[in-house]
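Here are my notes on this one, set out point by point so you can follow along with the model open.

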Amino acid sequence: MKLKVGDKVVVISGSDKGKEGKIIKTLRSENKVIVEGVHIIKKHKKPTTNDAGGIVELEAPINASNVMIIDPKTKKASRISHTTDKNGKKVRISTKSKEVLD
């Protein structure tokens with residue numbers, strides 16, 4: 001998975017198509033990400049000693065193939081590729097503008 005926590009992404013398919021947000025969490029083993037403000041579900045929670053119960057809204061995971069990173073230069077969706085910098089370190093770059101991500 002080429003996406004990291006904190007990346008700004010846009011949803012490219014599904015019911016939330018076109019929405020943008022930051023990645024809160026990545027689930028690498030399931031190839032899913034949780035994006036802030038996208039794929040909101042309602043969950044029924046039982047009351048506990050610490051907090052009251054009720055219906056809570058929270059973000060559910062979506063497949064990583066349904067999101068694309070937003071290019072920092074062009075502000076459009078872009079793919080990610082890898083290359084090495086001068087020091088020999090592996091870095092992510094945007095394929096649209098060839099800008100280094102991170």
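**Notes on the fold, contacts and pockets**

1. Starting with the overall make-up: the protein chain has 0 helices and 10 strands. Reading along the sequence gives β-β-β-β-β-β-β-β-β-β. Please keep in mind that this is a predicted model.

2. On overall dimensions, the radius of gyration of the protein chain is 17 Å, whereas a compact globule of 102 residues would come out near 13 Å. Along the principal axes, the C-alpha atoms fill a box of roughly 55 × 30 × 20 Å. As for burial, 28% of the 102 residues count as buried.

3. Now to β1, which has two pairings to look at. Strand β1 (residues 8-11) runs antiparallel to strand β2 (residues 20-27), with 3 bridges between them. Within that pairing, Val10 sits opposite Glu20 of β2. β1 also pairs with strand β7 (residues 67-70), again in the antiparallel sense and over 3 bridges. There, Val9 faces Ile69 of β7 as its opposite number. When you check neighbouring positions such as these, remember that side chains in a regular strand alternate between the two faces of the sheet.

4. How many salt bridges does the structure hold? The count is 3. The one I'd look at to begin with joins Arg92 to Asp7, with the closest N and O atoms 2.9 Å apart. Arg92 belongs to strand β10 (residues 90-94) and Asp7 to the segment before β1, so this pair ties together parts that are 85 residues apart in sequence. Are these two residues buried or exposed? Both Arg92 and Asp7 are buried.

5. Another salt bridge brings together the side chains of Asp16 and Lys19, at 3.3 Å from N to O. The two partners fall in separate burial classes under the usual cut-offs: Asp16 has a relative accessible area of 13% and is therefore buried, the limit being under 20%. Lys19, at 38%, lies between the 20% and 50% limits and so counts as partly exposed.

6. The remaining one to check is Lys42 with Glu57, where the closest N and O atoms are 3.7 Å apart. This pair also links distant parts of the chain, with Lys42 in strand β4 (residues 40-45) and Glu57 in strand β5 (residues 54-59), 15 residues apart. Lys42 is exposed, and Glu57 is exposed as well. As background, side chains of opposite charge can pair when their charged atoms come close.

7. On to the pockets. The largest pocket has a volume of about 220 Å³. Its lining is made up of Met1, Lys2, Leu3, Asn31, Ala64, Ser65, Val67, Met68, Ile69, Ser78, Arg79 and Ile80. Which element gives the largest share of that lining? It is β7, with 3 residues. Sorted by class, the lining has 7 nonpolar, 3 polar and 2 charged residues. Ile69, one of the lining residues, is also the residue opposite Val9 in the strand pairing.

8. The second largest pocket holds about 160 Å³ of space. Gly6, Asp7, Lys8, Ile69, Ile70, Pro72, Lys75, Arg92, Leu101 and Asp102 form its lining. By class, that lining divides into 4 nonpolar, 1 polar and 5 charged residues. Asp7 and Arg92 are among the lining residues, and these two form the salt bridge with a 2.9 Å closest N and O separation. Ile69 appears in this lining and also in that of the largest pocket.

9. Two backbone spots deserve a look. Most residues other than glycine have a negative phi. His39 is not a glycine, yet its phi is positive, at about 60°. His39 sits in the loop between β3 (32-35) and β4. With 28% relative accessibility, His39 counts as partly exposed.

10. Lys75 is the other spot, also a non-glycine residue with a positive phi of about 60°. Its place is the loop between β7 and β8 (77-78). Is Lys75 buried or exposed? Lys75 has a relative accessible area of 60%, and the exposed class begins over 50%, so Lys75 is exposed. Lys75 is also one of the residues lining the second largest pocket.

Notes:
Residues are numbered from 1 along each chain as its sequence is written. This is a predicted model: local features need pLDDT of at least 70, side-chain atom pairs count only at pLDDT 80 or more; totals for chains, interfaces and linings use all residues. Side-chain values use heavy atoms; hydrogens and water are left out. Two strands pair if DSSP finds at least two bridges between them. Helices (H or I, at least four residues) and strands (E, at least two) are DSSP runs, numbered from the N terminus. A salt bridge is a side-chain nitrogen of Lys or Arg within 4 Å of a carboxyl oxygen of Asp or Glu. Buried means under 20% relative accessible area, exposed over 50%, partly exposed in between (1.4 Å probe, protein chains only). On a 1 Å grid over the protein atoms alone, a cavity is a set of points where a 1.4 Å probe fits but cannot get out, and a pocket is an open set with protein on both sides within 12 Å along at least five of seven lines; lining residues have an atom within 4 Å of a point. Grid points are joined across faces, edges and corners, and a volume is the space filled by probe spheres set on the points. Ala, Val, Leu, Ile, Met, Phe, Trp, Tyr, Cys and Pro count as nonpolar, Asp, Glu, Lys and Arg as charged, and the others, Gly among them, as polar. The radius of gyration is taken over C-alpha atoms; the globule rule is 2.2 Å times the number of residues to the power 0.38.
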